[in-house]
Amino acid sequence: MLELLVVVVIIGLLAAYVGPRLFGQVEKSQQRLAGSQIEAFGRALGAFRLDVGRFPTNEEGLSALRSAPSGATKWNGPYIDKPVPLDPWERQYSYRSPSTEGRDFDITSLGKDGAPGGTGDSADITNR
């Protein structure tokens with residue numbers, strides 16, 4: 001019985017040591033995935049602009065990469081293979097064109113906390 005108790009304690013100590021490290025990697029991979037998706041949207045938006053002559057409007061949003069917006073006669077998409085995905089935290093990406101900071105467009109994920117700003121795991125991920 002004592003040997004079984006020692007084994008259970010050792011397993012508990014290993015789980016307490018490995019668990020937090022494993023979950024920390026999950027958060028970092030979610031942030032990298034959001035960054036990669038935003039980069040892919042940026043490339044698709046560049047192709048959209050080359051064909052149509054402009055970026056999608058705020059109203060058209062990222063869905064214009066998948067289906068032709070009305071009046072876009074030179075649309076030659078779809079520019080992405082699948083419907084616009086949600087971010088890794090199951091929320092929609094924010095799209096704005098033109099950017100509020102003088103760029104052509106902004107694409108943003110609000111990160112883990114779902115609120116603007118934040119640091120660490122809760123930081124916003126954007127194309128800026």
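## A guided tour, starting at E60

Begin by selecting E60, which lies in the loop between α1 and β1. Keep in mind throughout that the model on screen is a predicted one, and that every distance and accessibility given here is computed from it. Is E60 buried or exposed? With a relative accessible area of 17%, E60 counts as buried, because the cut-off for that class is under 20%. Show its side chain together with the backbone of T57, and you will find that the E60 side chain reaches the backbone nitrogen of T57 at 3.0 Å. If residues up to four places away in sequence are set aside, E60 touches R54, P69 and S70.

Add R54 to the selection, since this residue is also the salt-bridge partner of E60, with the closest N and O atoms 2.9 Å apart. The two ends of the bridge differ in their surroundings: E60 is buried, whereas R54 is partly exposed, with a relative accessible area of 28%. As general background, side chains of opposite charge can pair when their charged atoms come close.

How many salt bridges does the model hold? The count comes to three, and the next stop is R103, where you can display E101 and D106 alongside. R103 forms a salt bridge with E101, the closest N and O atoms being 3.4 Å apart, and another with D106, where the corresponding separation is 2.9 Å. R103 is partly exposed at a relative accessible area of 28%, while D106 is buried at 4%. Through these shared partners, E101, R103 and D106 are joined into one network.

From D106, move along strand β2, which comprises residues 106-109 and pairs with β3 in the antiparallel sense over two bridges. Select T108 and look across to β3, where T126 stands opposite. Now widen the view to the whole sheet, which is open and built of three strands in the order β1-β2-β3, with antiparallel pairing. Strands β1 and β3 (125-126) stand at the edges, and each has a single partner strand, so one side of each is left without a neighbour in the sheet.

Stay on the sheet and select I107, then display its contacts. Not counting residues up to four places away in sequence, I107 touches I38, F41, G42, L45, L62, Y93, S94, Y95, I125, T126 and N127. I107 is also one of the residues that touch the most other members of the largest nonpolar core, along with L45, L62 and L65, in a core of 21 residues. Helix α1 gives the most to this core, with seven residues. In soluble globular proteins, nonpolar side chains tend to be buried together.

Two of the contacts of I107, namely F41 and Y93, deserve a selection of their own. Aromatic pairs come to five in this model. In the pair of F41 and Y93, the ring centres are 5.3 Å apart and the planes are at 80 degrees, so the pair is edge-to-face. The pair links distant parts of the chain, with F41 in helix α1 (residues 2-52) and Y93 in the loop between α1 and β1 (94-96), 52 residues apart. Both rings belong to buried residues, F41 having a relative accessible area of 3% and Y93 one of 8%.

Finish at Y79, which lies in the loop between α1 and β1. Which residues does Y79 join through ring pairs? Select F48 and W75 with Y79, since ring pairs link these three into a cluster. Y79 is buried, with a relative accessible area of 16%, and a polar atom of its side chain lies 2.9 Å from the backbone nitrogen of N76. Leaving aside neighbours within four places in sequence, Y79 is in contact with A44, A47, F48, D51, V52, A64 and L65. As a last measurement to set up in the viewer, draw a line between the C-alpha atoms of Y79 and L45, which are 34 residues apart in sequence and 7.8 Å apart in space.

Terms used
Residues numbered from 1 in each chain as written. Predicted model: local features only at pLDDT ≥ 70, side-chain atom pairs only at ≥ 80, totals over all residues. Heavy atoms only, no water. Salt bridge = Lys/Arg side-chain N within 4 Å of Asp/Glu carboxyl O. Buried < 20%, exposed > 50% of the residue type's maximum accessible area, 1.4 Å probe, protein only. Phe/Tyr/Trp six-rings, centres within 6.5 Å; stacked < 30°, edge-to-face > 60°. Helix = DSSP H or I, 4+ residues; strand = E, 2+ residues; numbered from the N terminus. Pairing = 2+ DSSP bridges. Core = buried A, V, L, I, M, F, W, Y, C linked by side-chain atoms within 4.5 Å. Contact = heavy atoms within 4.5 Å. Polar contact = N/O pair within 3.5 Å; in protein donor to acceptor, adjacent residues only side chain to side chain.
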